[in-house]
Amino acid sequence: MIKLATEADAAFSSFFEEMKGQGATGLRQAAWEAFAAKGLPNRRVEAWHYTDLKAALGKPAPIASAQAGMREIARAHDSVRLVTLDGVFRPDLSDLALLPEGVKVQSLREALAQGAPGVMALVASADVQAEDAMVAMNAALMQDGVVLRIAAGVTLGQKIELATYVSSQDVQSSFTRAVVVLGKDAKATIVETAGALTAAPAQDNQALILRLAAGAALDLVTHVSGQSDKLVRVMSLLAHVDEGASLSSYALVEGAGLLRRQIFARLNGEHSKVALNGATLARGRQHADTTLVVDHAFPNGQSRERFRNIIDEQGTGVFQGKIVVRPHAQKTDGVMQSKAILLSDQATMNNKPELEIFADDVQCGHGATCGRLDKDQLFYLMARGIPRYEAESLLIEGFANEAFQGLEDETLRGFLLGRISSWLAARSK
Amino acid sequence: MLEIKNLHVSVGDREILKGLTLTVKDGEVAAIMGPNGTGKSTLSYVISGREGYEVTQGEVLLDGENILELEPHVRAAKGVFLAFQYPVEIPGVATMTFLKAAMNAQRRSRGEEELATPELMKRVKEAAAKLGVSQEMLRRPLNSGFSGGEKKRMDILQMTLLQPRFGILDETDSGLDIDALRVVSEGVNSLRAPNRSFLVITHYQRLLDYIKPDTVHVMAKGAIQRSGGPELALELEERGYQEYLGEEAA
């Protein structure tokens, strides 16, 4: 008997038929094959054990199309903003005229149509898509996005924001991919915004590819939010950090539906540095998963991961972190820390740190904790006259803020802390 | 001011305070001295309202009102202040944010207007200067990475700012070098006032050289065994607590 494909398999196949003619045919074909070999991740796939994507994407929604008409999208930041809306890069909503010198922007759609080999090499994600089906799916079905190049030696005075929103009232799938390249010794702050302007339960698969050339330094500030409890969003960050370059990432994830944020960071040259920080807030029945792999491929690299999870009501948090140290990556220095606070009896946190060390002269450590608010701290604050709810809020806020201590841009830090305060203010007493 | 009447307190199955009675008058500095493990810290926690202590009998009256059913922050607003034996580190909370929250929460609960930030900053800076609390300490997260002496100074700074009716100093001298002890004691002495009382808990006479008590009470076996004037502290220093421990002594 012939085994019938699932409804989801059939739908994704038809999406691929729709997209394969839209540039980068070879790249898409290879990615599709990588996806088809694995299928949608289910819980038997170790990296997806805590997030049942197969169940969540049982009925894939049609591929998004550009929404007619102009939309005003409120600004959260004083930045040069590049907007991708419902799967389509929108020059009309973007500040292309304000781009600083030394910065080049092209839409992904245009880049794929041109197919210049240098650009295709940047867009491809062959190394990761062999490992992860959702990155492969993103490469096979990518609709549009941004290719942003910052020239060697340029230090950006202004922040650039890559804003990706879903806005359709219809339930749609979107597949977007952005590429950010920093030339040698370039320095920049990029804001990555993943939001929803609709309460419709979109299915969103985004990838952000970062290439940091030698000596480059990037602060990446990510803010994820949504409206629908049925939103399904997978975000993949694929970073290569070359010799002496430094990536600092700060992410605030506000739960909405099912969210998976995955990071594949490769220390791709000696003396490179990666610092990944994040705070996740989840309540209701939200599910928020942060999964990361930090790959030390060269000696003398340094990585720091600091994650804070605050889970309320029946929410679920996931943190899976793996530090890989390859055989020749001697003198690696890695510290990974994930802490969670559960605010209710029904809240769940799955914390799984891992080390895979094949070199002998390294310093690597990890710590993971999960618990209630500290009673001694709470009593200390209350003994000074601070009412219980306010004292709890101070502690939770402080706990979340630990993830953003290293962020030097005070307006961005203020923005993130403000979002945390708003989330707390909506907490039931 | 504060009256403790026949107070019995248990933790789990174990009775720690066994009928403790003590009165501290307006303006009085009362010292409680006693050996380790006799329930001195328990007493300070029960007065200030920490969870985990079961009061099985007795009452604690502040200005005639039994405060044992009140939440800790309500007691604080009524004027109870505990200077902790081990002040807690709170790494995520900025010291100034905390001080502002505490001062204004107490003001709100007393029906007073909140202090605007400039006025609040001014008060904090003035008090900090007197206690040798540096600006750098104020910028750090609360008590984070502070030495034992710095933490105690931070507690006394809070007491200075909050102006309590009734201050409890729980082993404030522990972990302090002689200079820090002097600064902290001067901070406490400058707060002495006719409408403010203190309960000074210690097991050494040393602290009482700096903070002169009006009354001294010997606590052992979960109750006050003897009360007297300052001379009692000197006698204890000489003779120890042996005679108050009875058959419990080894």
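A salt bridge is here a side-chain nitrogen of Lys or Arg within 4 Å of a carboxyl oxygen of Asp or Glu. The views below are all drawn from a predicted model.

**View 1. A salt bridge between A:Asp409 and A:Lys159 links distant parts of chain A.** The side chains of A:Asp409 and A:Lys159 meet in this salt bridge with a separation of 2.9 Å, N to O. The two residues stand 250 residues apart, A:Asp409 in the loop between H9 and helix H10 (410-425) of chain A, and A:Lys159 in the loop between strand E4 (146-150) and strand E5 (160-166) of chain A. A:Asp409 has a relative accessible area of 18% and is therefore buried, since the limit for that class is under 20%. A:Lys159, with a relative accessible area of 14%, is buried as well.

**View 2. A:Arg90 and A:Asp92 form another salt bridge in chain A.** Their side chains meet at 2.9 Å, N to O. A search of the whole structure finds 39 salt bridges over all chains, this pair being considered here as one of them. As for accessibility, A:Arg90 counts as buried at 8% relative accessibility, whereas A:Asp92 counts as partly exposed at 41%. Side chains of opposite charge can pair when their charged atoms come close.

**View 3. The surroundings of A:Arg427 lie in the segment after H10 of chain A and reach other parts of that chain.** A:Arg427 is buried, with a relative accessible area of 7%. When its neighbours within four places in sequence are left aside, A:Arg427 is in contact with A:Arg283, A:Asp312, A:Leu343, A:Tyr389, A:Glu392, A:Ser393 and A:Ile396. With one of these residues, A:Ser393, the side chain of A:Arg427 makes a polar contact, side chain to side chain, at 3.4 Å.

**View 4. Chain A and chain B meet in an interface that buries about 2,100 Å² between them.** Of this buried area, 63% is on carbon and sulfur atoms. A:Phe379, A:Tyr380 and A:Arg384 supply 38% of the area that chain A buries against chain B, which is more than any other three residues. The contact takes 19 residues from chain A and 33 residues from chain B. The size of an interface is often given as the accessible area lost when the parts come together.

**View 5. Polar and charged pairs cross the interface of chain A and chain B.** Across this interface the rule finds 5 salt bridges, and it also finds 13 residue pairs in polar contact, with both residues at pLDDT 80 or more. A salt bridge joins the side chains of A:Asp376 and B:Arg50, at 2.3 Å, N to O. On the side of chain A that touches chain B, helix H8 (375-382) and helix H9 (388-401) of chain A each supply at least two residues. The largest share of that side, 7 residues, comes from H8(A). Sorted by class, the side of chain A that touches chain B has 9 nonpolar, 4 polar and 6 charged residues.

**View 6. In chain B, a salt bridge between B:Glu235 and B:Arg226 belongs to a network.** The side chains of B:Glu235 and B:Arg226 meet at 2.8 Å, N to O. At 22% relative accessibility B:Glu235 counts as partly exposed, and B:Arg226 is also partly exposed, with a relative accessible area of 32%. Salt bridges that share partners join B:Arg226, B:Glu235, B:Arg239 and B:Glu243 into one network.

**View 7. B:Asp63 and B:Lys221 have a positive phi although neither is a glycine.** Most residues other than glycine have a negative phi. B:Asp63, with a phi of about 50°, lies in the loop between strand E4 (54-62) and strand E5 (65-66) of chain B, and is partly exposed with a relative accessible area of 45%. B:Lys221, for which phi is likewise about 50°, lies in the loop between strand E9 (215-220) and strand E10 (223-228) of chain B. At 28% relative accessibility, B:Lys221 counts as partly exposed.

**View 8. The cysteines A:Cys364 and A:Cys370 are partly exposed.** The relative accessible area is 23% for A:Cys364 and 42% for A:Cys370. Over all chains, the structure holds 0 disulfides.

Methods. Residues are numbered from 1 along each chain as its sequence is written. Chains are lettered from A and ligands numbered from 1 in the order in which they are written. This is a predicted model: local features need pLDDT of at least 70, side-chain atom pairs count only at pLDDT 80 or more; totals for chains, interfaces and linings use all residues. Side-chain values use heavy atoms; hydrogens and water are left out. A disulfide is a pair of cysteine sulfur atoms within 2.5 Å. Buried means under 20% relative accessible area, exposed over 50%, partly exposed in between (1.4 Å probe, protein chains only). Contact means heavy atoms within 4.5 Å. Buried area is the accessible area (1.4 Å probe) that two parts lose on being put together, summed over both. A polar contact is a pair of N or O atoms within 3.5 Å; within protein, one must be able to donate a hydrogen and the other to accept it, and residues adjacent in sequence count only if both atoms are side-chain atoms. Helices (H or I, at least four residues) and strands (E, at least two) are DSSP runs, numbered from the N terminus. Ala, Val, Leu, Ile, Met, Phe, Trp, Tyr, Cys and Pro count as nonpolar, Asp, Glu, Lys and Arg as charged, and the others, Gly among them, as polar.
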